[in-house]
Structure formats: structure tokens, C-alpha cells
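User: I would like to understand how labels such as "stacked" or "buried" are earned. Could you take me through the reasoning step by step?

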Amino acid sequence: MTKKLLVICGTGVATSTVVMGKLKTWLDQQGLTQNVKLYQSKVAEEVNHIDDYDIVVSTTLVPDSIKEKVIDGVPLLTGIGADKVYAEIKQDIEDGEAAK
């Protein structure tokens, strides 16, 4: 099953683009590219559609109503704690694979 991974930021342009590039590279290195379909947007457009995605990574603050469903993507920008974020994303991808 292919997972739908959404990357969001305040405008859907700047930091989400940086994180998207890092995720594409990482997914390729992990051999997970075929397991994930990537989407990019701004937080304001996705608040009411968050359940349409299996994994959501955000580089901006999100409303409390969706906070529990969102992975903080700021470490992917700074490099500090990025391994933990990648591990969480990988776990979310593999959870779906184990359910096959």
C-alpha cells in the first residue's frame, strides 16, 4: 500500500520545498520511494483535509486540532534531531507495510 505523505509550511513554497527535497533523497536512499506518494501544500489549505494523508510533516505551527497527527519537520531544516524525524516517518511507512 502506498502511503500519502504531505509536507506543509506556512506558504506551501519555501521551507516545505526544502524538506520535500530532503525527503525525496532520504526515501531514495532507504529504498522507500515506491512506498510513498509525496504532496506539498500550505497549512491553511490542509487543516480540514489532514485525514486524507497517512503522514504529515510540517515546518510551521499547526492548529491544536491536528497537532497530534503532524510530525514536526523543523529538524529536517536544522539538521538537529533529523534522525528522529526520519525514524518516525520510516516507522509510519513500515506500519502500513506490515499490515499487508
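**From values to labels**

Analyst: Let us begin with E45, whose relative accessibility of 46% makes it count as partly exposed, since that label covers what falls between under 20% for buried and over 50% for exposed. Please keep in mind that this is a predicted model.

User: What makes the contact of E45 with K42 a salt bridge?

Analyst: The closest N and O atoms of E45 and K42 are 3.9 Å apart, and the cut-off asks for a side-chain nitrogen within 4 Å of a carboxyl oxygen, so the pair qualifies as a salt bridge. K42 counts as partly exposed, at 32% relative accessibility.

User: How do you know that K69 and D51 form a salt bridge, and where do these residues lie?

Analyst: Their side chains meet at 2.8 Å, N to O, which is within the 4 Å limit. The pair links distant parts of the chain, with K69 in the loop between β3 and β4 and D51 in the loop between α2 and β3, 18 residues apart.

User: Why is D51 called exposed, and what label does K69 receive?

Analyst: D51 has a relative accessibility of 60%, and over 50% counts as exposed, so that label applies. K69, at 38%, counts as partly exposed.

User: Why is the pair of W26 and Y86 called stacked?

Analyst: The ring centres of W26 and Y86 are 4.8 Å apart and their planes stand at 15°; because centres within 6.5 Å make a pair and planes under 30 degrees apart count as stacked, both conditions are met. W26 lies in helix α1 and Y86 in helix α4, so the pair ties together parts that are 60 residues apart in sequence. Both W26 and Y86 are buried.

User: What makes the pair of Y39 and Y53 edge-to-face?

Analyst: Here the centres of the Y39 and Y53 rings are 5.5 Å apart and the planes are at 65°, and since an angle over 60 degrees counts as edge-to-face, the pair takes that name.

User: Are Y39 and Y53 buried or partly exposed?

Analyst: Y53 has a relative accessible area of 16%, and under 20% means buried, so Y53 is buried. Y39, at 26%, counts as partly exposed.

User: Which charged end sits over the ring of Y39?

Analyst: The charged end of K37 does, 5.4 Å from the ring centre, while K4 lies over the face of Y53, at 5.5 Å from the ring centre.

Definitions and conventions:
Residues are numbered from 1 along each chain as its sequence is written. This is a predicted model: local features need pLDDT of at least 70, side-chain atom pairs count only at pLDDT 80 or more; totals for chains, interfaces and linings use all residues. Side-chain values use heavy atoms; hydrogens and water are left out. Rings of Phe, Tyr and Trp (its six-membered ring) pair if their centres lie within 6.5 Å; planes under 30 degrees apart count as stacked, over 60 as edge-to-face and the rest as tilted. Helices (H or I, at least four residues) and strands (E, at least two) are DSSP runs, numbered from the N terminus. Buried means under 20% relative accessible area, exposed over 50%, partly exposed in between (1.4 Å probe, protein chains only). A charge sits over a ring if NZ of Lys or CZ of Arg is within 6 Å of the ring centre and within 35 degrees of the ring normal.
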